[in-house]
Amino acid sequence: MNGPRDRGRPGGDAADRALDDALALANAAPRGRAARPGANDPLVVALGHEPAAGAHPAQQTVPHAKDTVSWPEARRIARHAARRLEARALPLGEDILGMALAQSLTALTDLPAFDSSAMDGWAVAGPGPWRLRGQVLAGQRRPADPLLGGHAVRIATGAVLPPGATAVLRSEHGSVRNLTDGEWLHVLAPHPAPDPGQEIRRRGQECRHGDELLPAGAVVTPAVLGLAAAAGYDELTVTMRPRVEILVLGDELLDHGLPRAGRVRDALGPMLPSWLRALGADVTDLRRLRDDADTLHAALAASGADLVVTTGGTAGGPVDHVHPVLARLGARLLVDGVAVRPGHPMLLAELPSGPLLAGLPGNPLAAVSGVLTLVAPALRALAGHPVPAPYAAPLTTDVPGHPVDTRLVPVVFDDESAARPLHFTGPAMLRGLAAADGMAVIPPGGGRAGQETAVLDTGALAPAWGSGG
Ligand SMILES: Nc1nc2c(c(=O)[nH]1)N[C@H]1C(S)=C(S)[C@@H](COP(=O)(O)OP(=O)(O)OC[C@H]3O[C@@H](n4cnc5c(N)ncnc54)[C@H](O)[C@@H]3O)O[C@H]1N2
Ligand code: MOO
């Protein structure tokens, strides 16, 4: 705390709080909509999706304090700082949900693998009526004997079509009469006789052996597991999940009971692991550390994670040890302050042993800003996930901007899927965020009612493959 880091920058916490107070309170409502961004779409630029150094027009003219980078630039740096992790073949199952395919998914077989019936009914050969004999069930081998013209066989949905069958008559369109010379199948009026090929699922309709079903980088969803199983896979080659260690710093933090005697409950320990897991991380450890430089130094020096996330201690107060410890370790600072409210003291560093470190500010909403700004892009890059399409919604009302910084403002979507800003969104508050559908990205200068605005997903109970921004 009380660091000189932000001295001299226009706008400040008092201004932020006044702005926050101007925002309206609203209740949760349906989701917004995904934008279809073009390369020069201001949304894309505002979100930092462009590889070039273009910033939001309003941000290009803004003077920044030394070292502070714009919010889109911080996201780009985080994305490019992280290198994709190794790939491994892992068994097809829930354990790989949310991981990215390291290779394209190609069909190991034709799909369907054989001609089969699309309906319960009768496989028929030629025009009717048909002499009925036997039945074929799903799972049985293809009958050796061909179906002769004028014959039919009972068939179940999915059963292999007997050779010689020309169509399938669905059960509700036919009737069987028992005559002295056996069972005869007729088309039931007023239904027409089946056209050749009717109700037959042809081999290879969905894909041919070797066809690309999904590109490398596609995220394993439940549907992808199903498709891969259908296409003959027992394992998939996926990019490993980033191993993340969370270090929650602060002597003042309590892990149970009421806040008391200058001490507050740790709000980040209960929040971050599931959030980061939803973003694709394998959270290997969460530790609460005392405000002690040697303890932090030892923890960072020994870390085997791909990404270390610290909370608190990023500013310049007497027990804010993150910067000095990073310097002692010889870490390379990639981001040291971001022009975003809340969360401007956030940082990103590369530790000498390789892992990245995201230093999130201690104020809880500022820490969430750090998750959205630095941690989410870094995790995506490590895990080989694609950059999601920006999610956009019009604002229900004017939203005051910070003069210099991007603002991240908790919003809910109303019945028209417009983003309504919430109250109680100060950096130390979670009340607004907890009711929010997402965080609107308000560029310097503010947002106007009706203006399409990027909204970052904060519904972190949704799995990684559903999180936007
Ligand atoms: N002189 C200045 N002081 C501060 C500045 C500044 O620019 N100049 N920036 C302010 C901003 S903005 C933020 S954000 C904080 C960042 O501080 P730290 O990252 O050093 O965090 P702490 O000082 O450790 O804690 C800040 C605040 O948050 C509470 N906290 C910390 N961890 C948790 C937790 N896990 N759960 C709930 N609350 C937590 C802590 O008790 C403090 O109240 O610095 C400002 N100061
Ligand atoms: O105000 Mo600080 O913006 O990061 O909490």
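Two strands are said to pair if DSSP finds at least two bridges between them. Helices (H or I, at least four residues) and strands (E, at least two) are DSSP runs, numbered from the N terminus. The model shown in these figures is predicted: local features need pLDDT of at least 70, side-chain atom pairs count only at pLDDT 80 or more, and totals for chains, interfaces and linings use all residues. Residues are numbered from 1 along each chain as its sequence is written, while chains are lettered from A and ligands numbered from 1 in the order in which they are written.

**Figure 1. Strand 23 pairs with strand 19 and with strand 22.** Strand 23 (residues 356-360) runs parallel to strand 19 (residues 307-311), to which five bridges join it. Within this pairing, V308 has L357 of strand 23 as its bridge partner. Strand 22 (residues 347-350) pairs with strand 23 in the antiparallel sense, over four bridges, and here L347 stands opposite G359. Strands 22 and 23 form a hairpin, with five residues between them. In its turn, G354 has a positive phi of about 120 degrees.

**Figure 2. The two faces of strand 23 are buried.** A residue counts as buried if 20 or more other C-beta atoms lie within 10 Å of its own, as exposed if 12 or fewer do, and as partly exposed in between, with C-beta atoms placed from the backbone. By this criterion five of the five residues of strand 23 are buried, and the strand is mostly covered. In a regular strand, side chains alternate between the two faces of the sheet. Here L356, A358 and L360 point one way, whereas L357 and G359 point the other way.

**Figure 3. The largest nonpolar core contains 100 residues.** A nonpolar core is a set of buried Ala, Val, Leu, Ile, Met, Phe, Trp, Tyr and Cys residues joined through C-beta atoms within 7 Å. The members that touch the most others are L307, V335, L348, A358, A378, A440 and V455. Helix 9 (residues 364-383) supplies the largest share of this core, 14 residues. The core draws at least three residues from each of domain 1 (1-85 + 241-469) and domain 2 (87-110 + 207-239), where domain bounds come from an automatic or database domain assignment. A second, separate core of 21 residues includes M119, W130, L132 and L169.

**Figure 4. V335 meets residues of helix 4 and beyond.** Two residues are in contact if their C-beta atoms, placed from the backbone, lie within 7 Å. When neighbours within four places in sequence are left aside, V335 is in contact with V69, A74, I77, A78, L347, L348 and L374. Helix 4 (residues 71-81) is largely enclosed by the rest of the structure, because eight of its 11 residues are buried. These buried residues are W71, P72, A74, R75, R76, I77, A78 and R79.

**Figure 5. The protein is divided into three domains, and domain 1 touches domain 2.** Domain 3 covers residues 116-201. In the contact of domains 1 and 2, 11 residues come from domain 1 and nine residues from domain 2. The domain 1 side comprises six nonpolar, three polar and two charged residues. For this classification, Ala, Val, Leu, Ile, Met, Phe, Trp, Tyr, Cys and Pro count as nonpolar, Asp, Glu, Lys and Arg as charged, and the others, Gly among them, as polar.

**Figure 6. Ligand 2 is surrounded by 10 residues.** A residue is near a molecule or strand if its C-beta atom, placed from the backbone, lies within 6 Å of it. P342, G343, N363, A366 and P427 come nearest to the ligand. The shell consists of five nonpolar, three polar and two charged residues.

**Figure 7. Two loops contain prolines that follow cis peptide bonds.** G128 and P129 are joined by a cis peptide bond with omega of about -5 degrees, and P129 lies in the loop between strand 6 (121-124) and strand 7 (130-136). The bond from A189 to P190 is also cis, with omega near 5 degrees. P190 is found in the loop between strand 11 (182-187) and strand 12 (200-201).

**Figure 8. E199 and F424 have positive phi values.** E199 has phi near 60 degrees, although E199 is a residue other than glycine. E199 lies in the loop between strand 11 and strand 12 and is buried, because 23 other C-beta atoms lie within 10 Å. F424 has a phi of about 55 degrees and is placed in the loop between strand 26 (419-421) and helix 10 (431-434). With 17 other C-beta atoms within 10 Å, F424 is partly exposed.
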